[in-house]
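Thanks for making the time this morning. I would like to walk through one model with you, going from a helix end to the packing of helices, then to the aromatic side chains and a few loop residues.

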Amino acid sequence: MSEPLRVLFLGASYGVVLGMRVAAAGHRVVFVCREDEIRLIKAGGLALEVPARESPEHLLIEPGHCAFPPDASAPEAVEPHDFDLVCLAMQEPQYGAPGIRELIQRIALARVTCLSVMNMPLPPYLNGVVELDEAVQRKIFNDPGLWQQFDPALFSMASADPQATRRDLPGRLFVAVNLPTNFKVAPFRDHESQQLLERLSADIDLVRLPATGGLSHPRVRLRAHPSRFVPLAKWPMLITGNFRCMTGAAPRSIADAVMTDLALSRDLYEWVLDICLKLGAEETTMIPFDRYLDAARGLSLPSSVARGLFAGSTAVERIDFMVQAIAQRSGMSHPALDQIVANVSSTLEQNRR
């Protein structure tokens with residue numbers, strides 16, 4: 001029997017979605033997170049609620065379902081050489097925080113296989129898809145130099161399609177999946193890293209949990225996808241929905257952002273999709289607007305970027321600016337995206353003041 005893999009997750013909010021699936025599959029998982037989150041995880045308070053595959057009920061994955069209960073650590077205490085895989089599950093600006101920044105540098109030097117489950121494509125992945133000059137990268141990323149020492153062969157990215165919310169419950173770190181799609185991962189160039197990914201995918205598929213009438217497979221799986229462009233499928237969704245949740249008074253839901261002007265939403269979505277196709281994405285890997293619309297109708301909360309801007313964040317993931325910059329290289333522009341970029345930049349400037 002193979003030894004369990006040792007997997008480090010940076011982030012204990014969205015990271016819990018994949019982290020608990022990995023832990024339930026029999027592997028050792030450690031979360032790097034805040035002190036209050038460390039206490040909850042060490043006390044056994046971590047839980048993931050996810051829909052079942054065979055029925056409409058929801059399943060609960062808790063430490064008791066894991067051969068090795070998940071652990072947690074401060075970034076300063078982590079030795080990257082102790083891990084087989086690092087999963088990046090935080091917002092891009094957070095990686096420059098004290099402690100996290102130094103850990104990222106240690107991970108790069110240790111040459112550990114890395115998988116990003118973020119919305120924002122980081123330079124080790126993005127540079128293999130499109131070349132952007134340094135001046136543009138400095139506007140897109142909080143600190144592009146932080147990623148220079150990563151080996152792109154050991155770095156891949158998933159299309160972060162599953163949607164989840166974190167609920168504040170006493171003594172619990174509780175995350176509930178409300179859109180149970182799969183993590184589709186672009187192939188690693190390194191053969192051993194790709195084998196590790198395929199092993200994790202197979203192990204996660206085997207997990208069954210107690211349910212009404214017997215055992216059931218939880219949804220949200222990890223999929224090794226053949227296309228390196230599969231993470232681009234999220235870009236039209238992010239621009240059409242997530243980045244249009246900001247309003248003058250308060251953030252609106254993703255559903256409202258998309259449904260309020262369907263003609264504009266369709267036009268903007270298909271415009272961003274066309275940019276992805278020009279970069280080399282295959283049409284079969286992209287999500288048509290009508291399929292996205294079906295999912296968006298159920299997204300009743302504002303996006304994290306809108307909530308962050310409204311709450312006073314001074315840095316957010318600039319996927320809007322990235323798409324605009326890539327489009328400009330081909331002489332393309334869209335007034336709705338230009339307005340989004342202007343609004344986000346203005347709000348960030350106000351928050352910084």
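Directly after helix α11 comes G312, and the phi of G312 is positive, near 105°. Please keep in mind throughout that what we are looking at is a predicted model. Staying with α11 itself, the buried residues there are V305, A306, G308 and L309. These four cover an arc of only 160° around the helix axis, and therefore lie on the same side of α11. The general background is that an α-helix has 3.6 residues a turn, so residues three or four places apart point the same way. And what do the buried residues of α11 pack against? Their partner is α13.

That takes us to α13, which runs over residues 335–352. With 18 residues at 1.5 Å a residue, α13 should span 26 Å, and the C-alpha atoms at its ends are indeed 26 Å apart, so expectation and model agree. Buried in α13 are A336, L337, I340, V341, V344, T347 and L348. They occupy an arc of only 140° around the axis, which means that they sit on the same side of α13. As for what that set of residues meets, the buried residues of α13 pack against α7 (235–240), α9, α11 (304–311) and α12 (319–329).

Let me step back to the chain as a whole. There are 13 helices and 14 strands in the chain. Its radius of gyration is 20 Å, close to the 20 Å that the globule rule gives for 353 residues, so the chain is as compact as a globular protein of that length. Taken along the principal axes, the C-alpha atoms fill a box of roughly 55 × 45 × 40 Å. Of the 353 residues, 55% count as buried. If we consider contacts between residues at least 6 apart in sequence, 75% of these join residues at least 24 apart.

Now to the aromatic side chains, where the structure holds eight aromatic pairs. Let me take Y14 and F183 to begin with, whose ring centres lie 5.9 Å apart with the planes at 70°, so that this pair is edge-to-face. This pair links distant parts of the chain, since Y14 belongs to the loop between β1 (6–10) and α1 (15–24) while F183 belongs to strand β11 (residues 183–185), and the two are 169 residues apart. How do the two partners differ in exposure? Y14 is partly exposed, with a relative accessible area of 21%, whereas F183 is buried, with a relative accessible area of 0%.

Another pair is formed by Y269 and F289, with ring centres 5.4 Å apart and planes at 70°, so this pair too is edge-to-face. Here Y269 comes from helix α9 (residues 262–279) and F289 from helix α10 (residues 289–296), 20 residues apart, so the pair again links distant parts of the chain. Both Y269 and F289 are buried. Beyond these pairs, Y95, W147, F150 and F155 form one aromatic cluster. There is also a charge over a ring to point out: the charged end of R28 sits over the ring of F68, at 3.9 Å from the ring centre.

I would like to finish with some loop residues, and with backbone angles in particular. As a general matter, most residues other than glycine have a negative phi. R111, however, has a positive phi near 55° without being a glycine. R111 is found in the loop between α3 (100–110) and β7 (113–116), and at 51% relative accessibility R111 counts as exposed. V220 is likewise not a glycine and has a positive phi of about 75°. V220 lies in the loop between β13 (214–216) and β14 (222–224), but at 3% relative accessibility V220 counts as buried.

The last residue is S253, in the loop between α7 and α8 (254–259). Is S253 buried or exposed? S253 is buried, with a relative accessible area of 10%. Leaving aside residues up to four places away in sequence, S253 touches C245, L299, S300, L301 and P302.

Technical notes
Residues numbered from 1 in each chain as written. Predicted model: local features only at pLDDT ≥ 70, side-chain atom pairs only at ≥ 80, totals over all residues. Heavy atoms only, no water. Phe/Tyr/Trp six-rings, centres within 6.5 Å; stacked < 30°, edge-to-face > 60°. Buried < 20%, exposed > 50% of the residue type's maximum accessible area, 1.4 Å probe, protein only. Lys NZ or Arg CZ within 6 Å of the ring centre and 35° of its normal. Expected span 1.5 Å × (residues − 1). Arc of directions from axis to C-beta. Contact = heavy atoms within 4.5 Å. Rg over C-alpha atoms; globule rule 2.2 N^0.38 Å.
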